[in-house]
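Welcome! Please take a moment to look over the structure below before reading on.

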Amino acid sequence: MENPTNPKEEPIGVIPDNEDVTVDKPEEEDELFQLPFEGEDISEESLKQITSRYRTSLILLVGEPESGKSTLYASILDRFYKGRLGKYIFAGTRTPIGFESRAHLARCKSLNLVSKNERTNTKTFSYLHLEMCVQDYDAAHNHILFADVNGERFRDARDTDEDMQSLTVMKRADHIIIIADGELLLDAGKRLPVKKNIIKFIERAKHNDMIDMNKGIHLVVSKWDKINQTKKETEVEGFLIEPLRTMFPQILKSVIRVASRSTNPTFPAGSGLEAFLDLCISNPKQVDFATEYELTGESREFQKFKYSQL
Amino acid sequence: MSDQAKKIIIMGLPEAGKTSFLAGLYYYATNEIVGRKMKERKPSANAAYLNRITDRWLQCETPIRTKNEPSNSFKEVQLHLLHIENGMTIDLHIPDMTGESYLQQFTDRLWEVGYKEEADSSEGIILFINPTKIKPHVLIDDIVKSFFLLEETDEGADDYKVAAPTNSTEAKNFDKEEVPTQIILCDLLFYHTQMLDFEKLPVAIIISAWDFVKKASPDITPWQWIEQNMPLLFQYLKTNQSLFDLNVFGISAQGGNFTEPDSKDEILKFDDPGDRFKVQEEATVHNNICAPIEWLITR
C-alpha cells in the first residue's frame, strides 16, 4: 500500500498546499523550529499529506451532539492500549493528541464531569488518522481517516439543502455512518427525536443526491450494552432499525451494535468495535481519484483525495 | 587504527534512567571490571559532569536530574573508549538531553536545530523506558472519579495525591503531558524516523530498573516485558519493522532502588560497584553495560 519510492512522509500540519516540504532552520544554533507533525487533528488543508501517499479509507461518522462519536473514537485507541482489537494490530496514528483529547472528553462524560476542553462549536471538519495491520505484523498497513465534525453540523445538514450540499465529504467518504445514542433509545421521552432526526437526515441527503446508492449509509447504535442489559433489543430493533430498513431498503446497508464502555458482561466494553473497523476498511473505493476529480472538479475537498496510483 | 568519532543519542521521558546509565557507563569504562568489553582510552577533556553523577551513583544517591543542571537542555558527554577485544578506538559523544525536552517535543512540537544535526550524525538512538515511571492508560470503562480530581506534585507520577474532596463537577483540563507514555513514545519514534536521514532508524531500547522487573517476573525477557506492559508500543514496533533497526535490552545500572533503605543497604554491600550491573538481551544475562552502544556502532 505504501509508496516505496518515497520512504519519508511529507509532514502534516505546517506546510501549505502545493509547496515543497522544507524545514526552515533559524540561523542561531540554539533556536527552535516547529516539527512538521502536529499530532493534533489533521485539517482539510493537510489531508493530502496522507491521502497522496497511502490508499486511505475515509469514514464520515455523523450524529447528534453527544451521540457518542468521541467516545467511539477514543474507545478504539483504548482497546489498542491493551493489545490487539480482534484481528487488528495498531500500526500508528498521526493524530495521537487528537485521540487523547477525545479520550479525556469521553472519560469526563462518563463521570458526568464538565471539561473545559469541550470542543469548540466549530463546524469545520477535522480528521483523525489511524493505521492498522490485519492479523499479521508484516501485513500491509490500512490507513483510515475519520472525518469528525461537531454534531451541530449534522443538525444543520438535516435542516437545510444548503448545509447538506456543503457536506461534500459525503461524496468522497468510503462509508457514511450515522450514530444513534442507544441510551436515548431506551428513554420513551427522548427516542422519538432520535429516530426522527436520523430519518430527516437520510431523506435530505437522498433528496440532494448526496448518497451513493452502492455505498449507502450504515447505522451504529452506541451503548448497546445498556439495551442488552435491559433486555430491550427487540424493542429497539422494532422501534428504530426495522423501520429504517423498511423506509430505506436500498440505502441502509448495515447496522452495528457497539458498546464503547460497558459493565455488562454479556455485552462487554469494546463489543462491536471490530465490526466497526471491518466496515471502515471494507470495499475501499477502487477508483482513479484524478478521474473523479475531473468529473466533480468544483469540490475543494476532492482535491485532497487524489491518490497517486502505484 | 584511527579513532572513530561516534555519536549516540539517548532519548527518554523524565526519570527514564538516562543519567544512571551514563554514571554506570562511566564507572564501567574507567574501572577494572571482570570481562568488560570497553575501557577509557584517554580521559575526557571535561569530566566534571560525569564525575559528579558517578559520585552520586557510587554513594547510591538518586541521580541529579538533568533538568536541574545549568546551561542548555543537553550536556555533551564525551568518552574516549577502546574496544578491548577488537582494538577499535571510539570517541563517543552522548548528548545527555533532559527528559523534559523530549516531553516538550511531544507537547510543543519543537526541536532544537542543534538536536537534528546531532541526531543525523549519530549512530542511532538509545531509548530508555523506566517501568516504574510509566504513565498508564486509563480505559474509559476503568475510570474512577478520583482520576480527575488528582493533583500532581512536582516530583512526578509516583507522587500523585488525591485532592481534598470537592463538590465540583468540573474536570481537570486535558493536559498533553498526562498522555500515556506508550503513545508519546510511538509518536517520538515516528517523527524521528521521518525527520532524520536514516533509511532504518537504529534504536536500542533499554528497559531500565530491570532488577525491579525481574523481582516480579524472574523469567521475563525485555521484549516480553514490552509486549505485556506496553502493548500499544509493542504493536507499533512490530508493525513498523521497515522503519526501525531494533534491539531491546533490560538493564539495571543501579542494582536496585536507591530510595528504599533496605535496597540501598544491599547495594552498598557490593565490594565492587561493577557487580551492580545486570544486562539482559533475550534470555542472556551479563554485566556488559556497553552492550547497547556496542550494538549500535557495530551492527
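This report walks through a sheet, a helix pair, the chain contact and the core.

## The sheet in chain B

Please keep in mind that this is a predicted model. A good place to begin is chain B, where 6 strands build an open sheet with mixed pairing, in the order β2-β7-β10-β11-β12-β13. At its edges sit β2 (9-12) and β13 (284-286) of chain B, each pairing on one side only. Ignoring direction, neighbouring strands of this sheet are turned by 25° against each other on average.

Inside the sheet, strand β10 (residues 201-207) of chain B runs parallel to strand β11 (residues 244-252) of chain B, and 7 bridges join the two. To find your way along this pair, look for B:Pro202, which stands opposite B:Asp245 in β11(B). Helix α10 (residues 291-298) of chain B packs on the sheet and touches β7 (125-129), β10, β11 and β12 (278-281) of chain B. The direction of α10 in chain B makes about 170° with that of β10(B).

## Two crossing helices

Next, turn to helix α3 (residues 99-108) and helix α5 (residues 181-195), both of chain B, whose axes come within 10 Å and cross at roughly 85°. Because of this angle, α3(B) is roughly perpendicular to α5(B).

Which residues make the contact? From α3(B) they are B:Tyr102, B:Gln105 and B:Phe106, and from α5(B) they are B:Ile184, B:Asp187 and B:Leu188. Sorted by class, the contact of α3(B) with α5(B) has 4 nonpolar, 1 polar and 1 charged residues.

## Where the chains touch

Between the chains, 39 residues of chain B are in contact with 51 residues of chain A. On the chain B side, β6 (110-112), α4 (113-120), α5 and α8 (231-239) each supply at least two residues. Helix α5(B) gives the largest share of this side, 7 residues. By class, the side of chain B that touches chain A divides into 18 nonpolar, 12 polar and 9 charged residues.

Strands also pair across the chains: strand β1 (residues 32-34) of chain A and β6(B) are antiparallel over 3 bridges. Here A:Leu32 stands opposite B:Glu112 in β6(B).

## The nonpolar core

In soluble globular proteins, nonpolar side chains tend to be buried together. In this model, the largest nonpolar core has 155 residues, and A:Ile59, A:Leu60, A:Ala147 and B:Ile206 touch the most other members.

What does A:Ala147 touch, leaving out residues up to four places away in sequence? Its partners are A:Leu58, A:Ile59, A:Leu60, A:Phe125, A:Tyr127, A:Val169 and A:Ala173.

Key:
Residues are numbered from 1 along each chain as its sequence is written. Chains are lettered from A and ligands numbered from 1 in the order in which they are written. This is a predicted model: local features need pLDDT of at least 70, side-chain atom pairs count only at pLDDT 80 or more; totals for chains, interfaces and linings use all residues. Axes are lines fitted to C-alpha atoms, for helices over the stretch in contact, and angles run from 0 to 180 degrees between N-to-C directions. Helices (H or I, at least four residues) and strands (E, at least two) are DSSP runs, numbered from the N terminus. Angles under 35 degrees count as roughly parallel, over 145 as roughly antiparallel, 65 to 115 as roughly perpendicular and the rest as oblique. Two residues are in contact if their C-beta atoms, placed from the backbone, lie within 7 Å. Ala, Val, Leu, Ile, Met, Phe, Trp, Tyr, Cys and Pro count as nonpolar, Asp, Glu, Lys and Arg as charged, and the others, Gly among them, as polar. Two strands pair if DSSP finds at least two bridges between them. A nonpolar core is a set of buried Ala, Val, Leu, Ile, Met, Phe, Trp, Tyr and Cys residues joined through C-beta atoms within 7 Å. A residue is buried if 20 or more other C-beta atoms lie within 10 Å of its own, exposed if 12 or fewer, and partly exposed in between; C-beta atoms are placed from the backbone.
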